[in-house]
Amino acid sequence: MKIGIIGSGYIGETAARLFIKAGHEVALSNSRGPESLKDKVRELGPQARATSVEDAAAFGEVVLVAVPLKAYEQLPRAQLSGKIVIDAMNYYPQRDGEIDFQGKSTSEFVARHLPGTRVVKAFNTMWFKTLGQDCKPGTPLEERLVLFLAGDDAGAKQTVSQLIEQIGFAPVDTGSLAVGGKRQQPGSAVYNRPMRPAQAREVLATL
Ligand SMILES: NC(=O)c1ccc[n+]([C@@H]2O[C@H](COP(=O)([O-])OP(=O)(O)OC[C@H]3O[C@@H](n4cnc5c(N)ncnc54)[C@H](OP(=O)(O)O)[C@@H]3O)[C@@H](O)[C@H]2O)c1
């Protein structure tokens with residue numbers, strides 16, 4: 001599969017590495033332009049390329065967005081239209097400034113700014129080092145760590161779940177962008193708490 005990456009920092013680069021290992025092609029982008037990613041893509045090998053943000057969005061059937069949330073308005077709406085967008089962003093007011101989400105989950109809010117996209121919130125609950133080190137492709141799902149996902153489009157969630165399995169984690173669905181989205185936000189019961197599927201199901205049942 002072709003996967004676009006917008007934001008190639010800790011989380012974007014780590015996910016790109018895992019997608020490549022699973023056999024996918026990735027286009028990485030950042031705010032400074034492709035030239036600044038030259039060394040990174042050389043190291044990642046022939047399945048990686050560096051592009052503009054717009055071209056990464058156009059390239060991917062799935063596009064992972066891993067930028068500071070405050071940059072959400074700069075995401076390329078036109079090129080993202082029709083795509084599955086994985087929203088890995090978290091809201092930290094000290095970094096992102098005050099944003100009024102009008103009672104919505106941050107991913108619902110982002111989705112409203114990206115009409116025609118199928119947004120799935122995922123890759124946001126796990127620290128990038130855990131993501132990079134604790135993947136276990138080839139082992140039974142129940143023995144792997146969970147990557148949570150939320151969204152309103154069943155097909156998009158299925159695609160993202162498959163990706164999660166391919167890179168060595170266990171997908172667990174937390175619900176819609178409104179309900180599940182909030183369940184995955186910073187400070188929640190599943191945020192930055194590495195757990196296996198059985199524990200994840202127990203925790204979600206208490207919410
Ligand atoms: N770090 C984690 O463990 C972790 C885990 C889960 C979720 N997250 C979330 O994932 C997001 C990224 O976190 P991170 O730790 O990976 O951050 P990071 O290392 O600071 O990387 C941020 C990336 O976003 C790019 N970027 C910033 N503004 C942009 C814009 N307007 N257009 C395109 N690219 C832009 C940066 O490009 P330049 O370098 O060129 O500016 C950089 O490549 C955040 O929302 C964070 O809360 C982080």
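Does Y72 count as buried or exposed, and what is its relative accessibility? I will come back to that residue in a moment, but please keep in mind throughout that what we have in front of us is a predicted model.

Let me answer the opening point now, with the place of the residue in view: Y72 sits in the loop between strand 4 and helix 4, the helix that covers residues 77–80. Y72 counts as buried, because its relative accessibility is 8% and the cut-off for being buried is under 20% relative accessible area. When we set aside the neighbours within four places in sequence, Y72 is in contact with M89, I99, F109, V110 and H113. There is also a distance to look at here, since Y72 and L114 are 42 residues apart in sequence, while their C-alpha atoms are 9.4 Å apart in space.

Now to the chain as a whole. Its secondary structure comes to 10 helices and 8 strands, and its C-alpha atoms fill a box of roughly 45 × 40 × 30 Å, taken along the principal axes. For a chain of 207 residues, a compact globule would have a radius of gyration near 17 Å, and the chain has 16 Å, so the two agree. Of the 207 residues in the chain, 53% are buried. If we take the contacts between residues at least 6 apart in sequence, 65% of them join residues at least 24 apart. The surface that the chain exposes is about 9,400 Å², and carbon and sulfur atoms supply 49% of it. As for charge, the chain has 25 positive and 22 negative charges, and the mean positions of these two groups are 2 Å apart.

Next I would like to go to helix 8, which runs over residues 154–167 and holds K157. Where does the side chain of K157 find a polar contact? It makes one with the side chain of D173, at 3.0 Å. K157 is a buried residue, because its relative accessible area is 11% and buried means under 20%. Leaving out the neighbours within four places in sequence, the residues in contact with K157 are V120, L149, A150, G151, D173, G175 and S176, so that D173 appears in this list as well as in the polar contact.

A156 lies in helix 8 too, and A156 is buried, with a relative accessible area of 0%. Apart from neighbours within four places in sequence, A156 is in contact with I84, R118 and V120, and V120 is also among the contacts of K157. The C-alpha atoms of A156 and I86 are separated by 9.3 Å, although these two residues are 70 residues apart along the chain.

From there we can move to strand 4, residues 62–65, where V63 has its place. V63 is buried, with a relative accessible area of 0%. With neighbours within four places in sequence left aside, V63 is in contact with G4, I6, A56, A57, L80, K83, I84, V85 and I86; I84, as you may recall, is one of the contacts of A156. For another separation, consider V63 and L207, which are 144 residues apart along the chain and whose C-alpha atoms are separated by 30 Å.

Let me turn to three residues that sit in loops. H24 is found in the loop between helix 1, residues 10–21, and strand 2, residues 25–29. H24 is buried, since its relative accessible area is 7%. Not counting residues up to four places away in sequence, H24 touches M1, I3, F19, Q47, L163 and Q166.

The other two loop residues can be taken together, beginning with their backbone angles. Which sign does phi have at Q102? Phi is positive there, at about 50°, although Q102 is not a glycine. Q102 lies in the loop between helix 5, residues 93–96, and helix 6, residues 106–112, and Q102 is partly exposed, with a relative accessible area of 48%. N192 has a positive phi of about 55°, and N192 is not a glycine either. The place of N192 is in the loop between helix 9, residues 179–183, and helix 10, residues 197–205, and its relative accessible area of 46% makes N192 partly exposed.

To close, I return to where I began: Y72 is a loop residue, and Y72 counts as buried at 8% relative accessibility.

Key. Residues numbered from 1 in each chain as written. Predicted model: local features only at pLDDT ≥ 70, side-chain atom pairs only at ≥ 80, totals over all residues. Heavy atoms only, no water. Helix = DSSP H or I, 4+ residues; strand = E, 2+ residues; numbered from the N terminus. Rg over C-alpha atoms; globule rule 2.2 N^0.38 Å. Buried < 20%, exposed > 50% of the residue type's maximum accessible area, 1.4 Å probe, protein only. Contact = heavy atoms within 4.5 Å. Areas by Shrake-Rupley, 256 points an atom, 1.4 Å probe, with all protein chains shown as cover. Lys, Arg positive; Asp, Glu negative; His and termini not counted. Charge placed at Lys NZ, Arg CZ, Asp CG, Glu CD. Polar contact = N/O pair within 3.5 Å; in protein donor to acceptor, adjacent residues only side chain to side chain.
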